[in-house]
Amino acid sequence: MNKPFYITTPIYYVNDVPHIGHAYTTIAADVVARYYRLRGYDVFSLTGLDEHGQKVQQAAAKAGIEEQVYCDGMAPRFQNLWKRLNISNDAFIRTSDAKHKSIVQKWLQYLFDKKLIYKADYTGWYCTFDERFWTEKDVEGGLCPDCKRPVERLSESNYFFKMSAYGKKLQEYITKDSRAKPPLFIAPWIRRNEVVGFLDKSLNDLSISRPKSRLSWGIELPFDPNYVAYVWFDALVNYISALDYLAPKKTPSDNPFKKYWPATLHLVGKDILTTHAIYWSTILMALELPLPSTIFAHGWWTVNGEKMSKSRGNVVDPNAIIDEFGADAFRYFLLREVPFGHDGDFSREALIGRINSDLANGLGNLLNRTLTLIERFSHGRIPEPVASADTELEGKIKKTAVFLPHAELGIHLLPDKLEFNRALEAIWGLVQLGNQYIDKTAPWTLAKKPEDKPRLNTVLYNAAEALRFLSLTLYPFMPQAAEEMKRQLGLMLNFSKPLLASEVNWGSLLPGTEITKGRPLFPRIETTTKTQGDIRVTQDQQPSPTPQPSSTAATPQATGPAQQITIEEFQKVQLKVGKVLSAERVPKSDKLLKLQVDLGGEQRQVVAGIGKTYEPESLVGRRVVVVTNLKPAKLMGVESQGMVLAAGDKEVGGLVTILEDVQPGTKVK
Ligand code: ME8
């Protein structure tokens, strides 16, 4: 029997536009869900919408439609976004579901019967926007301490939940949390301390009703038809009501509640930690139900250093990001950029930076060059390895990526740790190792000697096997990219099933498998519009003579009027046609590309400063003109045995290319 794993996101307010904050929590939950499914857990993942309350009532009134019609119209905005982001939630709850409503009523009645809900008069400062009362000391200058809108003095009879009775019990429960004895109930640790501090003060009772005269869009109290339930009571109960009617039942006698409750993980933003850690925990105590194993509160995103808000007009629409950069790049960025419990700042520049350095240059390049080499040296099929002496690659992959609880990935993704950024760092350590492995073993050199063929086969096999592991480990984070890697590598993996022991063994990649090299996984994002603009300004300020053919290696450039030379002098320069066999970026340089060039009888490595104009992939197969008698030089530590010719002044405009099918090695005169 597989271990159950129940994970939830907050249910988002239906009247809001889905933004990166909502996407963040939902993506994080999806990564966890996918990861534990692969590990063989019986995962139930839930997200949904919070549809009751004043704001929805007001928005519907403004639109001149019924509340339910309004909600039905808004819900697809979230549902469609989750589809586009490849969120694999098992259920989607809406608090206007009839079944949810009846379950909320059942529990309200239960608490009322137990005398844990009572009626009383209350006078306080009420904030309509936040739908809550504030005490005298909370309110400064007549403004809500939360949203800074004016509050009004309101006196009303309401129903109260005896939350105060559970404060100390809850504090004791939380202080049992110990780093030495995971899982933490409230994570990360700093948040646990905040909640414990909050509980030092005695808790008030919680108003759980709103008079219908003021708010009718809600769940009617079963014991008083003049009231509806407070939206937070209604919303929090979703975590258990969903198990009653949305969780799968394989047989009629199945009891999903018994199976999945208590939840393994409630994932929330830090803004709603109090409602979860205190309201929900005390409600559960009163209902005599166990508390969830972990409530994890993540940090807050700002945009370009500012709080995101409709009034500032800086709300980032995830749909626009998906349109421009794809879902996987967005998923990767959000989880890689900032440690999960911390606050983060979103900017386009930071996103593009990550895409170019980690995804295009790192992972994309590793896949592309490996497949190119297999195409060239192994007829497009995974070769048969001989013996692997490359234990570093194999060992590091096993330590990091294997789907075992003690592997690095398993530790980072424990429900009360959720160190997504560190998991991704560890995976990218493997990407780098893979790229270095190819550099070090230099398959293009091995390919020159027939006696090196067995070694060449082993190297190509190992590189492909490393990529197979990478596709497994990346799947929870970037499901589309993993599927594409699987397709290009010709793998038989089924990511939607728990991984088999054989699949997580090094060496299970089948020799003979046909590869299908395809489009680049992550095309580099060109930021030239802005850069070119800047460059043009500099050129205008310093007008230069007609552009000279520029050398692309880092040799000093001749400036000033062109000097005349004799034909003999020109003939000293030996120029030949070279065919680009492979191309890749020189690490840490956005300008330099390392090319392997076929010069007929020999292969040379040439470093060229053309990386701002050309994607490495686009150069493979091109016939270029190479200066072959130039003294070798090292550029950023990489040896260059020649130079390719290109046109342009400060920036490369185009590579000198032979369009005809001229034999590599042919002289250029
Ligand atoms: O609070 N950065 O719904 P909500 C990071 N309906 N995460 C953010 C964010 C930001 N800037 N903005 C929003 C509610 N979030 C209630 C929840 S649950 C029983 C009821 C995310 O639409 C984060 O997860 O205001 C936060 O907790 C949630 O959206 C709040 O969504």
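1. A useful term to start with: a charge sits over a ring if NZ of Lys or CZ of Arg is within 6 Å of the ring centre and within 35 degrees of the ring normal. In this predicted model, Lys201 fits that description, lying over the face of Phe198 at 4.8 Å from the ring centre. Another case is Arg214, placed 4.1 Å from the ring centre of Tyr126 and over its face.

2. Rings also meet other rings here. Searching the whole structure turns up 34 aromatic pairs. One of them joins Phe469 and Trp506, which are stacked, with 5.9 Å from centre to centre and 20° between the planes. This pair links distant parts of the chain, 37 residues apart: Phe469 belongs to helix α18 (residues 453–474), while Trp506 is in the loop between α19 (479–489) and α20 (528–541).

3. Are these two partners buried or exposed? Phe469 counts as buried because its relative accessibility is 2%, and Trp506 is also buried, at 15%.

4. If you enjoy following rings through a structure, have a look at Tyr6, Phe44, Tyr239, Phe257, Tyr260, Trp261 and Trp280: ring pairs link them into a cluster.

5. Finally, please visit Asn304, in the loop between β14 (301–303) and α11 (318–325). With a relative accessibility of 54%, Asn304 counts as exposed. Which residues does Asn304 touch, leaving aside those up to four places away in sequence? They are Asp345, Phe346 and Ser347. Asn304 and Asp345 are 41 residues apart in sequence, yet their C-alpha atoms are 6.2 Å apart in space.

Key. Residues numbered from 1 in each chain as written. Predicted model: local features only at pLDDT ≥ 70, side-chain atom pairs only at ≥ 80, totals over all residues. Heavy atoms only, no water. Phe/Tyr/Trp six-rings, centres within 6.5 Å; stacked < 30°, edge-to-face > 60°. Helix = DSSP H or I, 4+ residues; strand = E, 2+ residues; numbered from the N terminus. Buried < 20%, exposed > 50% of the residue type's maximum accessible area, 1.4 Å probe, protein only. Contact = heavy atoms within 4.5 Å.
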